[in-house]
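Grab a pencil and work through these short exercises. Try each task before you peek at its solution.

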Amino acid sequence: MGRLFVIQYDQTPDSRIFLCTICHTQFALRQEVVSMVRTNESLLLEKAVNVVVDTPEHYYLEDAFDNIEMIEADVHCVGCNMLLGQTIIAVDSFHERLIEGRLMLELRKLLYWNGEQVIDAITLLPPEPEEDD
Ligand SMILES: [Zn+2]
(Lines give C-alpha, C1' and ligand atoms only; values in the text may rest on other atoms or scores of the structure.)
Protein backbone atom coordinates (compact mmCIF):
# COMPACT_ATOMS: atom_id res chain seq x y z
CA MET A 1 0.00 0.00 0.00
CA GLY A 2 1.17 3.52 -0.76
CA ARG A 3 1.55 6.17 1.87
CA LEU A 4 -1.64 8.07 2.63
CA PHE A 5 -1.67 11.64 1.44
CA VAL A 6 -1.08 13.95 4.39
CA ILE A 7 -1.91 17.66 4.38
CA GLN A 8 0.91 19.75 5.81
CA TYR A 9 0.43 23.31 7.09
CA ASP A 10 3.45 25.60 7.51
CA GLN A 11 4.41 26.06 11.17
CA THR A 12 5.17 29.79 11.00
CA PRO A 13 4.90 32.63 13.55
CA ASP A 14 1.46 33.41 12.07
CA SER A 15 -0.01 29.91 12.18
CA ARG A 16 -1.71 28.10 15.09
CA ILE A 17 -2.05 24.35 14.58
CA PHE A 18 -3.19 21.29 16.56
CA LEU A 19 -0.98 18.20 16.18
CA CYS A 20 -0.85 14.56 17.26
CA THR A 21 0.98 13.97 20.57
CA ILE A 22 2.57 10.80 19.21
CA CYS A 23 3.52 11.39 15.59
CA HIS A 24 3.05 15.18 15.22
CA THR A 25 0.65 14.82 12.29
CA GLN A 26 -1.29 18.09 11.94
CA PHE A 27 -5.09 17.99 12.39
CA ALA A 28 -6.55 21.48 12.44
CA LEU A 29 -5.89 25.17 12.37
CA ARG A 30 -6.89 27.35 15.34
CA GLN A 31 -9.62 28.99 13.25
CA GLU A 32 -11.45 25.64 12.95
CA VAL A 33 -12.10 25.56 16.72
CA VAL A 34 -15.79 26.07 17.56
CA SER A 35 -15.32 25.73 21.30
CA MET A 36 -13.27 24.16 24.05
CA VAL A 37 -15.42 21.80 26.11
CA ARG A 38 -13.99 22.01 29.63
CA THR A 39 -16.11 19.23 31.14
CA ASN A 40 -14.46 16.49 29.13
CA GLU A 41 -11.40 18.43 28.00
CA SER A 42 -12.12 18.19 24.34
CA LEU A 43 -12.05 20.44 21.36
CA LEU A 44 -15.05 20.97 19.10
CA LEU A 45 -13.81 21.57 15.56
CA GLU A 46 -15.54 22.69 12.38
CA LYS A 47 -13.29 20.37 10.38
CA ALA A 48 -10.04 18.47 10.59
CA VAL A 49 -7.49 16.98 8.21
CA ASN A 50 -5.34 13.84 8.35
CA VAL A 51 -7.89 11.76 10.25
CA VAL A 52 -9.33 8.33 9.41
CA VAL A 53 -13.08 7.97 10.03
CA ASP A 54 -14.43 4.62 11.33
CA THR A 55 -17.80 3.00 10.70
CA PRO A 56 -20.62 5.26 11.97
CA GLU A 57 -22.55 4.17 15.06
CA HIS A 58 -25.67 5.37 16.86
CA TYR A 59 -25.07 7.43 19.95
CA TYR A 60 -27.50 8.81 22.50
CA LEU A 61 -26.68 11.90 24.44
CA GLU A 62 -28.73 12.78 27.49
CA ASP A 63 -28.48 16.03 29.30
CA ALA A 64 -30.80 18.07 31.50
CA PHE A 65 -32.86 19.36 28.60
CA ASP A 66 -32.49 17.00 25.70
CA ASN A 67 -32.34 13.46 24.57
CA ILE A 68 -30.27 13.70 21.47
CA GLU A 69 -29.86 10.89 19.00
CA MET A 70 -26.78 11.12 16.86
CA ILE A 71 -24.81 9.05 14.44
CA GLU A 72 -21.13 9.37 15.22
CA ALA A 73 -17.92 7.74 14.06
CA ASP A 74 -14.58 7.38 15.81
CA VAL A 75 -11.69 9.24 14.23
CA HIS A 76 -8.07 8.14 14.29
CA CYS A 77 -4.76 9.80 13.42
CA VAL A 78 -3.70 8.95 9.88
CA GLY A 79 -0.06 8.74 11.00
CA CYS A 80 -0.15 6.53 14.11
CA ASN A 81 -3.82 5.33 14.21
CA MET A 82 -4.39 6.69 17.75
CA LEU A 83 -8.07 7.17 18.62
CA LEU A 84 -8.58 10.93 18.83
CA GLY A 85 -12.32 11.36 19.34
CA GLN A 86 -15.49 11.33 17.28
CA THR A 87 -17.05 13.06 14.34
CA ILE A 88 -20.76 13.82 14.01
CA ILE A 89 -22.30 12.17 10.97
CA ALA A 90 -25.95 13.04 11.66
CA VAL A 91 -28.05 14.59 14.43
CA ASP A 92 -31.78 14.00 14.86
CA SER A 93 -32.69 17.54 15.78
CA PHE A 94 -31.32 21.04 15.77
CA HIS A 95 -28.60 21.70 18.32
CA GLU A 96 -26.49 24.85 18.39
CA ARG A 97 -23.19 23.04 18.84
CA LEU A 98 -23.76 19.53 17.55
CA ILE A 99 -23.73 20.00 13.83
CA GLU A 100 -23.07 17.42 11.16
CA GLY A 101 -19.46 17.27 10.04
CA ARG A 102 -18.00 18.66 13.26
CA LEU A 103 -15.43 16.74 15.29
CA MET A 104 -14.81 16.38 19.01
CA LEU A 105 -11.17 15.57 19.73
CA GLU A 106 -9.64 14.82 23.15
CA LEU A 107 -7.27 17.58 24.21
CA ARG A 108 -4.87 15.20 25.96
CA LYS A 109 -4.15 13.60 22.58
CA LEU A 110 -3.20 16.92 21.01
CA LEU A 111 -0.24 19.25 20.91
CA TYR A 112 -0.47 22.89 19.84
CA TRP A 113 1.85 24.94 17.64
CA ASN A 114 1.51 28.45 19.08
CA GLY A 115 3.57 30.24 16.44
CA GLU A 116 6.75 29.78 18.39
CA GLN A 117 6.91 26.24 19.71
CA VAL A 118 4.92 23.05 20.12
CA ILE A 119 3.18 22.93 23.52
CA ASP A 120 0.78 20.67 25.42
CA ALA A 121 -2.81 21.49 24.41
CA ILE A 122 -4.09 21.26 28.01
CA THR A 123 -1.31 22.82 30.11
CA LEU A 124 -0.10 25.12 27.30
CA LEU A 125 3.44 24.29 28.40
CA PRO A 126 6.19 22.52 26.48
CA PRO A 127 5.63 18.74 26.74
CA GLU A 128 7.34 16.95 29.65
CA PRO A 129 10.48 15.15 28.52
CA GLU A 130 10.21 11.34 28.57
CA GLU A 131 11.11 10.08 32.03
CA ASP A 132 13.66 7.33 32.52
CA ASP A 133 12.70 4.73 35.08
ZN1 LIG B 1 -0.51 10.37 15.28
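**Exercises on a predicted model**

**Exercise 1.** Find what share of the contacts between residues at least 6 apart in sequence join residues at least 24 apart.

*Solution.* Take the chain's contacts between residues at least 6 apart in sequence; 42% of them link residues at least 24 apart. Bear in mind that this is a predicted model.

**Exercise 2.** Work out whether the radius of gyration of the chain agrees or disagrees with that of a compact globule.

*Solution.* Start with the rule: for 133 residues, a compact globule would come out near 14 Å. Next, take the chain's own value, 16 Å, which agrees. For the extents, the C-alpha atoms fill a box of roughly 45 × 40 × 40 Å along the principal axes. Finally, check burial: 23% of the 133 residues are buried.

**Exercise 3.** Count the helices and strands, then describe how β3 and β4 are arranged.

*Solution.* The count gives zero helices and eleven strands. Now zoom in: β3 (residues 33–37) pairs with β4 (residues 42–45) in the antiparallel sense, over four bridges. One of the partnerships puts V33 opposite L45 in β4. The two strands make a hairpin with four residues between them, and E41 in that turn has a positive phi of about 45°.

**Exercise 4.** Decide whether A64 is buried or exposed.

*Solution.* First locate A64: it sits in the loop between β6 (57–62) and β7 (67–77). Then count neighbours: A64 has 4 C-beta neighbours inside 10 Å, so it counts as exposed; the cut-off for exposed is 12 or fewer. As an extra, compare A64 with V53: they're eleven residues apart in sequence and 30 Å apart in space, C-alpha to C-alpha.

Notes: Residues are numbered from 1 along each chain as its sequence is written. This is a predicted model: local features need pLDDT of at least 70, side-chain atom pairs count only at pLDDT 80 or more; totals for chains, interfaces and linings use all residues. A residue is buried if 20 or more other C-beta atoms lie within 10 Å of its own, exposed if 12 or fewer, and partly exposed in between; C-beta atoms are placed from the backbone. The radius of gyration is taken over C-alpha atoms; the globule rule is 2.2 Å times the number of residues to the power 0.38. Two residues are in contact if their C-beta atoms, placed from the backbone, lie within 7 Å. Two strands pair if DSSP finds at least two bridges between them.
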